[in-house]
Amino acid sequence: MLVVVTHWVHPDVTARLAEFCHPVAPSRGREVWPRTEVLARARDADGLVVCMADRVDAELLAACPRLRVVSGVFKGADLVDLAECVRRGVWVTVLPDLLTVPTAELVVGLVLALRRRLVEGDAWVRSGRHAGWRPRFYGSGLAGACVGIIGMGRIGRAVAARLLGFGASLVYTDPVALPEPEAYRLGARRVLLSELLAGSDVVVPLVPLTAGTRRMIDAAALGRMRRGACLVNVARGSVVDEGAVVEALREDRLGGYAADVFAFEDTAAPGAAPVEVPPGLLAHPRTVLTPHLGSAVEDVRREMGLAAAEQVRAALDGRHPEGAVTPPRRVEGAGEAPR
Ligand SMILES: O=CC(=O)O
């Protein structure tokens, strides 16, 4: 059986795959195969191990008629056409929990970097202009600040737990309330979105990208935020309206924007997709921008690769893989997908 891995993974991951199939993966450098190469190599694949750089759409699925499983080395499957996978009887698996801790750590890092102006300070020192202490780069701390988390899932709760030690207060929105003991332990108060936006010094959306969350932080939502408050986005670029963020920064209404994700990455989102990080974000001093580093911790990525390999093994063995987000259900006339 052939399993195509679209991107560089740790050698132990390919070794694990080799226990039950013939794996093919980029072997040199930390490479991701471009789509044309994935299309060419995956023609006879029984399994695909994909990453956040891949778009698993109808074209790719049609090009791989033998495919039985798509294993995402990620949490959010918004780049996978789930309906088409179901139609073709292809399992789709994700990793719902392995990146919780590194992503929560990144949120805390970005909040601190933004509020304490670490990146601006770093640039100042590197520019050769630092001549000793001066009354400059005064920012805001976390102690006493109110942090608003939109979406209290695994990552939201992990962020909340890490913020406990900083003396920040916490509000959140979620359709489902935390169990009372957990809300008490985290000091988290559930509020309406309008109250969260109006009352938070830092707003952190932690929601998946869906039709309902796309651009949920738009000009109107930004307009409801406290003047000078910060926005930190590690979810998906398209959860915010990047153009409106640039405007709010320019008008000094938004205190800062930190992002690890960008709308141009959301290649499956409907409508015209941006092709780059907006220049207005790049140019603005009160932004902190990182290249989708949420899970970029060496050991975590190795664990993620190994877990994905096990999911492929289970699916190809005819078992229900962990992390399955679609039960495969072959529909008459859907093509040659074997089952
Ligand atoms: O963004 C990363 C992921 O969803 O894993």
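Trainee: In which loop is the place of Asp252?

Mentor: Asp252 sits in the loop between helix 11 (242-250) and strand 11 (256-259). Helices (H or I, at least four residues) and strands (E, at least two) are DSSP runs, numbered from the N terminus. This is a predicted model, where local features need pLDDT of at least 70, side-chain atom pairs count only at pLDDT 80 or more, and totals for chains, interfaces and linings use all residues. Residues are numbered from 1 along each chain as its sequence is written, and side-chain values use heavy atoms, with hydrogens and water left out.

Trainee: What is phi of Asp252 near?

Mentor: Start with the general idea. Most residues other than glycine have a negative phi. Asp252 has a positive phi, near 65 degrees. Asp252 counts as partly exposed because its relative accessibility is 45%. The cut-offs: buried means under 20% relative accessible area, exposed over 50%, partly exposed in between (1.4 Å probe, protein chains only).

Trainee: Which residue with a positive phi follows helix 5?

Mentor: Arg117. Its phi is near 60 degrees, and Arg117 is not a glycine. Arg117 lies in the loop between helix 5 and helix 6 (118-126). At 26% relative accessibility, Arg117 is partly exposed.

Trainee: How many residues of helix 5 are buried?

Mentor: First, the general idea. An α-helix has 3.6 residues a turn, so residues three or four places apart point the same way. In helix 5, 12 of the 16 residues are buried, so the helix is largely enclosed by the rest of the structure. Among the buried ones are Pro102, Leu106, Leu110 and Leu114.

Trainee: What does helix 5 reach from its first C-alpha to its last?

Mentor: Helix 5 (residues 100-115) reaches 23 Å, close to the 22 Å expected at 1.5 Å a residue. The expected span is 1.5 Å times one less than the number of residues.

Trainee: Which residues touch the most other members of the largest nonpolar core?

Mentor: A nonpolar core is a set of buried Ala, Val, Leu, Ile, Met, Phe, Trp, Tyr and Cys residues joined through side-chain atoms within 4.5 Å. The largest here has 53 residues, and Leu17, Ile149 and Val232 touch the most other members. Another core, of 29 residues, lies apart from it and includes Leu231, Ala235, Phe262 and Val277.

Trainee: Which residues surround the ligand?

Mentor: Met52, Phe74, Lys75, Gly76, Leu99, Arg236 and His292. Each has a heavy atom within 4 Å of the ligand.

Trainee: Where do polar atoms of Gly76, Arg236 and His292 lie relative to the ligand?

Mentor: Look for polar contacts, pairs of N or O atoms within 3.5 Å; within protein, one must be able to donate a hydrogen and the other to accept it, and residues adjacent in sequence count only if both atoms are side-chain atoms. A backbone N or O atom of Gly76 is 2.9 Å from a ligand oxygen atom. A side-chain N or O atom of Arg236 is 2.7 Å from an oxygen atom of the ligand. For His292, a polar side-chain atom lies 2.7 Å from a ligand oxygen. The protein covers 87% of the 190 Å² of accessible area that the ligand has on its own. Accessible areas come from the Shrake-Rupley method with a 1.4 Å probe; for residues, only the protein chains shown count as cover.

Trainee: Is Gln311 buried or exposed?

Mentor: Gln311 is buried, with a relative accessible area of 5%. Gln311 belongs to helix 13 (residues 298-316). Its side chain makes a polar contact of 3.3 Å with that of Ser71.
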